[in-house]
Amino acid sequence: MKKYYLSFENTPENFSLARLTVSFIANSIGFNIEEVEDIKVSISEALNLQLGISKEVKIVFYSMENRLEIDVIALDPHLDREGESNKFAKIILETLMDEVKIEEGIIKISKTLKD
């Protein structure tokens with residue numbers, strides 16, 4: 001297993017950094033272009049859920065032979081993440097990823113490579 005770390009100010013302008021990073025990692029695992037796009041959308045939605053929760057976010061990517069796990073961590077979380085737009089983001093995550101777990105200050109998502 002390889003781990004990659006990314007930490008930045010949680011602003012929409014920085015989301016492309018996470019999208020580019022996850023694209024590289026997912027491609028190196030062997031995900032097809034559609035799956036890579038799904039993962040990129042998912043990382044954006046996870047970051048959207050963390051907007052307003054924390055000023056800084058840390059992302060940990062776990063790259064395995066046939067699986068990608070991502071932790072999106074709000075550093076010093078301080079607000080609730082309820083609301084209609086957040087419900088929509090959660091539905092998108094659950095649709096595009098194999099596993100989604102949302103806890104206080106952390107969003108865990110994962111996708112397994114299909115044979």
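**Strand pairing and helix packing**

In the predicted model, Val-60 stands opposite Asp-71 of strand β3. This pair belongs to the contact between β2 and β3 (residues 67-75), where the two strands are antiparallel and are paired over eight bridges. The connection from β2 to β3 is a hairpin of three residues.

Strand β2 is also paired with strand β1 (residues 2-9), again in the antiparallel sense, and eight bridges join these two strands. Here Phe-8 lies opposite Val-57 of β2. Strand β2 is thus bridged to β1 and to β3. Of the eight residues of β2 (residues 56-63), six are buried, that is, under 20% relative accessible area; the strand is therefore largely enclosed by the rest of the structure.

The helices α1 (residues 15-29) and α2 (residues 33-50) were examined next. Their axes come within 9 Å and cross at roughly 145 degrees, and the crossing is right-handed. On the α1 side, the contact is formed by Phe-15, Ala-18, Arg-19, Val-22, Ser-23, Ala-26 and Asn-27. These residues meet Val-36, Glu-37, Ile-39, Lys-40, Val-41, Ile-43, Ser-44, Leu-47 and Asn-48 of α2. Sorted by class, the residues in the contact of α1 with α2 comprise nine nonpolar, four polar and three charged ones. Among the nonpolar residues are Phe-15 and Val-22 of α1 and Ile-39 and Leu-47 of α2, while the charged ones are Arg-19 of α1 and Glu-37 and Lys-40 of α2.

How values were computed
Residues are numbered from 1 along each chain as its sequence is written. This is a predicted model: local features need pLDDT of at least 70, side-chain atom pairs count only at pLDDT 80 or more; totals for chains, interfaces and linings use all residues. Side-chain values use heavy atoms; hydrogens and water are left out. Buried means under 20% relative accessible area, exposed over 50%, partly exposed in between (1.4 Å probe, protein chains only). Helices (H or I, at least four residues) and strands (E, at least two) are DSSP runs, numbered from the N terminus. Two strands pair if DSSP finds at least two bridges between them. Axes are lines fitted to C-alpha atoms, for helices over the stretch in contact, and angles run from 0 to 180 degrees between N-to-C directions. A crossing is left-handed if the near helix is turned anticlockwise from the far one by less than a right angle, and right-handed if clockwise. Contact means heavy atoms within 4.5 Å.
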